[in-house]
Structure formats: structure tokens, C-alpha cells
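Trainee: Could we go through this one together? I'd like to see how each label is earned.

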Amino acid sequence: MMAEREEDDDTEEAWLQLRPMEPLPSQCCGSGCSPCVFDLYHRDLARWEAARASKDRSLLRGPESQSCPSKLNPETFVAFCISAMDRLTKDTYRVRFALPGNSQLGLQPGQHLILRGIVDDLEIQRAYTPISPANAEGYFEVLIKCYQMGLMSRYVESWRVGDTAFWRGPFGDFFYKPNQYGELLMLAAGTGLAPMVPILQSITDNENDETFVTLVGCFKTFESIYLKTFLQEQARFWNVRTFFVLSQESSSEQLPWSYQEKTRFGHLGQDLIKELVSCCRRKPFALVCGSAEFTKDIARCLLCAGLTEDSYFLF
């Protein structure tokens, strides 16, 4: 009887049932992560082919993981519990996730994570950058903008405190080192502000880091500016300046006085980029994050302003 069961387990149909499923396009976040969900699929497929060829199912398990189940892993999604959820604007949330004890997430400032969601039985994945300090203990926070027709947005808007969400990571190729650059020129549109936040805070938290920072946040309206209190606090440091560009407002009269002199209207274009580069106090290294169109346009403007391709990083 045992021999018959082993023989059944080695049939072609049994092996085909164990074959890894190829991910759907919606399961790729499109941010260039390594390993990508498709990298993991091809790894598992090669493992399955080797196991089938040798008729050894133990090869499907791969190496045993030694990491704690609550520790981040770039290859495996890990569950984290939502401990707080604040609505910052009509379509943007700041969500806090609990970490066990006083543990830290283990990201470098500016690195991102991949969130997995399931809507209508369709798995989707998107990249988000934590905005909490890199050394935050017992929690991490992310900034998530929801879109009217977005699948991930439907998933996020269904969250309640106490729910769990699944993340993997970290990912990202920019690693900030104190005093590595004379000045950082941070150019962010909307939630592209997210990777700038932990980098900026790591600079102002380190009294030995004398890097100058010029941060430019591009938003539609004054009301849509994220993290106003945090940005105001950061702008009080001797080495930090903040500016704003509002695309759907045209007058500073309605703005608080503290914003009137540091706010421009319209779009962040070539002339303003040149002005920002020229008024940097030291040779700048630019960090750019926003939509694909924003990032492409700003990269072109930076080159026209005299920066070289190794003088900026596009998130």
C-alpha cells in the first residue's frame, strides 16, 4: 500500500499540481525590486524542475529560514498588525504598524517595502517607503495615497486598527551616509515626499551630520501638503530649508505668513530648478521622487541646470 501511494505521488499529474504558478502582472509593483516577484517565481520553478527530475519532493522546500517570523524578509511576506490609522487628507493615510517589543524595522533611510493586497481574488503588490525614523522602536509608519479606481486603494481603505497586512523587503539602492554630500536637494511630488522624510530626519537627529538640505515639496494645494508640522519643525534646523510649489493655487494671500515667502505657484520647471541649484550653499546632490512623468521631467531639468547623471538619484 505504501509503495502504491509513493507511485501515485510521482505521477505527472501530481507533479503538475505542485508546479509554481506564474505571477500576474498585477503582482509586480514595478519599482525594480530585487528579488522581484518574477525572480522568486523563476527560482521556485527551477527548484520544482530539479525536484521533478530526481523525483525528490524534499528539494521543493529549499533552505530553512533562520529568521524570526516577525523579521522583514525580501523574499517572504510577513504579517504586521495595524496599530493606528490617521487620515491626513481626503485621500491619504498615515498608517502605523506594530513591531514586536522594542524591535526596529531594519531599513536604511529611504528604502522601501512591498505591500501585498488581495481584491476580488486578485493579488496586487505596491511599493511604499516608511516615513518613520530608521531607528524607531516598536513600530513603523507608511504614507499611502488612495485613488478612486485603484485596486490597492480599495484594499487599504478596508483596513481597520487590529487588522494585519503583509510586507516584504527592504529594497532600494540609495544608502545615505552622514556628510557624504555637501548639500541634498530633495525634489518631491505628493507622496514622493516619503523617502525624503527618514533621510531628512536622520540628518537632523545626528548632531555630527553637517549636510545642508533644501527640500522642495510639490502639491496641488496648501491643504494637500503632507506632514506640515514635521516639515515646519525640520525647517527650524540651521541646515534645512523647505520650499513648496502649488499647482492649483495662484496667490499667497490666503497662505499662512510662514509659507508666503517660500511658496511658488504653477509647476516645478526648468527655470525654478536652475534657481534652486544656483542658490544651493554647497555642491548639491539631488534626490527626486514622484510620478514617472515628474521624475523624468526633473531629471532633464537637472541636467540642463548643470548637474551630471551621477549627481542625482531617482527613487
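Mentor: Sure, let's start with accessibility: buried means under 20% relative accessible area, exposed means over 50%, and partly exposed is in between (1.4 Å probe, protein chains only). Mind that this is a predicted model, where local features need pLDDT of at least 70, side-chain atom pairs count only at pLDDT 80 or more, and totals for chains, interfaces and linings use all residues. Residues are numbered from 1 along each chain as its sequence is written, and side-chain values use heavy atoms, with hydrogens and water left out.

Trainee: Why is Arg96 called partly exposed?

Mentor: Arg96 has 29% relative accessibility, and partly exposed is the class between under 20% and over 50%, so the label fits. Its partner Glu141 comes out at 13%, so Glu141 counts as buried.

Trainee: What makes Glu141 and Arg96 a salt bridge?

Mentor: The rule asks for a side-chain nitrogen of Lys or Arg within 4 Å of a carboxyl oxygen of Asp or Glu. In this pair the closest N and O atoms are 2.9 Å apart, and that passes. Glu141 lies in strand 5 and Arg96 in strand 2 (residues 92–98), so the pair ties together parts that are 45 residues apart in sequence. Helices (H or I, at least four residues) and strands (E, at least two) are DSSP runs, numbered from the N terminus.

Trainee: How many salt bridges does the rule give?

Mentor: The count comes to 5 salt bridges. One of them joins Arg241 and Glu183, at 3.6 Å from N to O. That pair links distant parts of the chain, with Arg241 in strand 9 and Glu183 in strand 7, 58 residues apart. Glu183 is buried at 0%, while Arg241 is partly exposed at 22%. Another is Arg264 with Glu275, at 2.6 Å.

Trainee: What makes Glu183, Arg241 and Arg281 one network?

Mentor: They are joined by salt bridges that share partners.

Trainee: How do you know that Cys279 is not bonded to Cys280?

Mentor: A disulfide needs a pair of cysteine sulfur atoms within 2.5 Å. The sulfur of Cys279 is 5.7 Å from the closest cysteine sulfur, in Cys280, so that is too far for a bond. The structure holds 0 disulfides.

Trainee: Which residues touch the most other members of the largest nonpolar core?

Mentor: Leu184, Met186, Leu193, Ile199, Ile225 and Leu287 do, in a core of 32 residues. Helix 5 gives the most to this core, with 5 residues. The term stands for a set of buried Ala, Val, Leu, Ile, Met, Phe, Trp, Tyr and Cys residues joined through side-chain atoms within 4.5 Å. Apart from this core lies another, of 25 residues, among them Val78, Leu115, Ile144 and Trp167.

Trainee: Why do the UniProt binding-site positions gather at one spot?

Mentor: The unreviewed UniProt entry places "binding site" at Arg126, Tyr128, Leu143, Lys145, Met152 and Ser153. They span 28 residues in sequence, yet no two of their C-alpha atoms are more than 13.3 Å apart, so they gather at one spot. UniProt positions are given in the numbering used here, feature names are shortened, and annotations may be inferred rather than shown by experiment.

Trainee: Is Leu143 buried or exposed?

Mentor: Leu143 is buried, at 3%. Leaving aside neighbours within four places in sequence, its contacts (heavy atoms within 4.5 Å) include Tyr128, Thr191 and Tyr226.
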